Amino acid sequence: MLKKLRRVGPPLLLLAPSLILVGVFVYGLIVANFTTSLTDNHTAAQATEQEPSAMVWFTNYFDLLASEDFQHSLMNLVLYTVVFLAGTMVMGFLWAWMLDKPVKGEGIFRSVYLFPMAVSFIASGVVWRWLLNSNQDEQASGLNRLFQIVGLDALQNNWWNNVTFGIIAIAIPAIWQLSGYVMALFLAGFRGIPHELREAARMDGASEWKLYRHVLFPQLSPVALSALIIIGHMSLKAFDLIMSISKPANYQTKVPAVDMFVFKSSFDYANAAAVGSILLIIVALVIVPYLIRTNREEKR
Amino acid sequence: MRVNRRMTATVATAAVLGLTLAACGGGDTGGDNGAEGGGEQVEVFTWWAAGSEKAGLDALVGEFEKQHPDIEFVNGAVAGGAGSAAKDLLQTRLQAQDPPDTFQAHAGMELQDYIDAAQIEDVSDLYDEFGLTDAFPADLVDRLSSDDGAIYSIPSNIHRANVVWANPTVLEENDIDPEAEYADLDAWIADLDKLDKAGVTPLSVGTTWTQVHLLETVLLADLGPEGYTGLWDGSTDWEGPEVTAALEDFETLMGYTNDDRDGLDWPEATQLVIDGSAAFNVMGDWAVAAFEEQDKELGTDFTAAPVAGTDGTFDFLADSFTLPVGAPDPEGAKAWLETVGSLEGQVAFNKAKGSIPARTDADPADFSEYQQTAIDSFANDTIVSSLAHGAATPVATLNAISDATSKFTTGASDLAGFQGELAAAAQG
């Protein structure tokens, strides 16, 4: 018994501070958030316990999911995530594929592609707000003006001010910023494939397509999955870029994270907490299977 | 090995102990601000961190130091997001029971949340003590009082929301008389249509809150001051035909605005008028600072008039200061409130900020040309409370109205849906 304590005690003690901190500030707060979301704490008076708040269980969730406005936010989130994911994966893969060939000045290209990631979403958002100006024809500026100059007037559109697809316009800067990161992941993946494998495949008479299909892609799939998970969870939490380009009150670019912010500023803590829980569940749906998979692979 | 293990254990214990101690120590640092001896101080929490707002605050502080040289002023200004960053921080501090000695808030219903949460004190006594009840117009005191007659803040300045700014050059180029006074919205809309056909942006507007600002002036124009005020106390029916007609006018007006509105804040929208790319802009009278900063002359380079159909009504909003419950230094806060309410304080502050004093005994000759007209209207017109600036409704109602407005102006809801959502929002 004592021996066991001797063995387990010190590491446990060393871990204790971080365990306690994570326990309180991550899991404890998740629980606090969840309990708040089950109450009818919708006013400032209830938040400060001047007035009682009652347990209403899942009413807030049902009300939110039934409301047209929140459905619009969720739809925006889906659209944004799909476009953002597809965009970064395609661009990232293409760039990595091109850089994988021996090119002159690879280092420069790599930095150029990776560099946008160093800019904060807030800063790039300000610039993209100008570029994505929705004025057209005489008043046009930004990209619309550019389209005019090169004679592609028909391509002018109102960007993020379209009520259904506006959110996709905001995915453009996000793709611009994170494609380089996905490229770096894929490039590392390409470089991690031993050269002998390619040579062996070629010796066996595999065509270029077959080489990719049967040799390279399978080796790249763990990288692709990591990239999907990283970009996917970033996309689900999208907030800063949207706040910087649009405004929290703008209906066309609402996503759940923005709703959470607006509820909180209206002193509606219960609904803000409910939106927070919904977001956490959505992100968990993406992350947890991935964690389980990695865990299993590591055990193998 | 054994020594090593013991070492590890010791280090670990020390680490745990240290963290626990740190956690215990963290709790009681906030409480003893300003409690030391006679060195009184007052932390004034505002979002006046730049431009004419900062100039106004500096002038007010100058006056405060003259009146209360023994109290130290601590500037708690938080910059960013037209006050939203400050309000966010304030919400957190009040929740944590770590209030500043006094904070800036829009006077009127926006205070309701703080009152309900028992976070600010009734200051009616101070009104008697400082003799403010007679110094402010009765209409205003009435609007600041809650139902039981308690008043929770002291206004420092008054702004007018129902002002339309115009570029006379643009108007003249399109054969429109810049001096014209529009009796109602229909007359104005006729001229806007003329501008629209000529290819000018007739009316500039910005993001959602400026659209709500426009909506409120339209409601005021079509329903009249009584009908408009009735929207907030329940005596005007939100679902009624008068409101429908007003919303139709709002829809028409929005049809004459710039496409990139949702990306602009008010300075950019007003700039369109200054630059002559738009003819009219409806904005509160803080916009006068934007014109004056660029050396524009009232009357020749720009004009200011009540929004069509709202002549004789003063759609007011006011900044005010409060006395939070549990303020670390209430005496300092009271001294600050005394300066805020005093004639000298209001004159100094408003001359710099460009708004007008809430007191009626200020000498108009001290102020600029535009301010003089505003002082005159404030004394003689019917006063109503602004929606977009927190005087008419609590924050949650305003947020719900903003959401409905944004949904409507981006085309996600039709007029009937919009009206229904507004009615639901006003009911809370």
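1. Start with strand S5 of chain B, residues 163–166, in this predicted model. Both of its faces are covered. B:Val163 and B:Trp165 sit on one side, B:Val164 and B:Ala166 on the other, and all four of them are buried. On the pairing front, S5(B) runs antiparallel to strand S8 (residues 303–306) of chain B, with four bridges. It is B:Pro306 in S8(B) that B:Val163 stands opposite. S5(B) also pairs with strand S7 (residues 278–282) of chain B, again in the antiparallel sense, over three bridges. There, B:Val164 stands opposite B:Val282.

2. Now the sheet around that strand. It is an open sheet of four strands in chain B, ordered S6-S7-S5-S8, and the pairing is mixed. Strand S6 (201–204) and S8 of chain B are the edge strands; each has a single partner, so one side of each has no neighbour in the sheet. From one strand to the next the twist averages 25°. The parallel part is S6(B) with S7(B), joined by three bridges. In that pair, B:Thr201 stands opposite B:Ala278 of S7(B). Helix H11 (residues 266–274) of chain B lies across S5, S6 and S7 of chain B, and runs at about 140° to S7(B).

3. Next, the domains. The assignment for chain B splits each domain into two segments: domain 1 is 41–159 + 316–385, and domain 2 is 163–315 + 387–427. Their centres, taken over C-alpha atoms, are 27 Å apart. Each domain of chain B puts 23 residues into the contact between them. On the domain 1 side, the elements giving two or more residues are helix H4 (112–116), strand S9 (313–322), helix H15 (369–380) and strand S10 (382–385) of chain B. H15(B) has the largest share of that side, with five residues. By class, the domain 1 side comes to nine nonpolar, ten polar and four charged residues.

4. What does the contact between the chains take from each of them? Chain B gives 34 residues and chain A gives 35. On the chain B side, two or more residues come from each of helix H1 (2–26), helix H3 (84–95), H4, helix H9 (208–233) and helix H16 (395–409). The biggest contributor is H1(B), with eight residues. The chain B side divides into eleven nonpolar, 14 polar and nine charged residues. H4(B) is worth a second look, as it appears in the chain B list here and also on the domain 1 side of the contact between domains.

5. A word on confidence. The model scores ipTM 0.79 and pTM 0.83. Chain B has an average pLDDT of 84, and 90% of its residues score at least 70. The stretch to flag is residues 19–37 of chain B, where pLDDT stays under 50 and the model has seven contacts beyond four places in sequence. Where pLDDT is low, the predicted coordinates should not be read in detail. I'd keep that in mind for H1(B), given as 2–26.

6. Helix H14 (residues 343–353) of chain B deserves its own point. Which of its residues are buried? They are B:Gly345, B:Gln346, B:Ala348, B:Phe349, B:Asn350 and B:Lys353. Those residues pack against helix H2 (51–67), strand S4 (153–160) and helix H13 (330–341) of chain B. After H14(B) comes B:Gly354, with a positive phi near 95°.

7. For contrast, look at B:Thr133, in the loop between helix H5 (124–130) and helix H6 (138–144) of chain B. Why does B:Thr133 count as exposed? Because there are 12 other C-beta atoms within 10 Å, and exposed here means 12 or fewer. Leaving out residues up to four places away in sequence, B:Thr133 touches B:Tyr127, B:Asp128 and B:Val141. B:Gly108, 25 residues away in sequence, is 16 Å from B:Thr133, C-alpha to C-alpha.

8. Finally, chain B as a whole. The secondary structure comes to 17 helices and ten strands. Of the 428 residues, 52% count as buried. Taking contacts between residues at least 6 apart in sequence, 78% join residues at least 24 apart.

Key: Residues are numbered from 1 along each chain as its sequence is written. Chains are lettered from A and ligands numbered from 1 in the order in which they are written. This is a predicted model: local features need pLDDT of at least 70, side-chain atom pairs count only at pLDDT 80 or more; totals for chains, interfaces and linings use all residues. Domain bounds come from an automatic or database domain assignment. Two residues are in contact if their C-beta atoms, placed from the backbone, lie within 7 Å. Ala, Val, Leu, Ile, Met, Phe, Trp, Tyr, Cys and Pro count as nonpolar, Asp, Glu, Lys and Arg as charged, and the others, Gly among them, as polar. A residue is buried if 20 or more other C-beta atoms lie within 10 Å of its own, exposed if 12 or fewer, and partly exposed in between; C-beta atoms are placed from the backbone. Two strands pair if DSSP finds at least two bridges between them. pLDDT is the predictor's confidence in each residue, from 0 to 100. Axes are lines fitted to C-alpha atoms, for helices over the stretch in contact, and angles run from 0 to 180 degrees between N-to-C directions.
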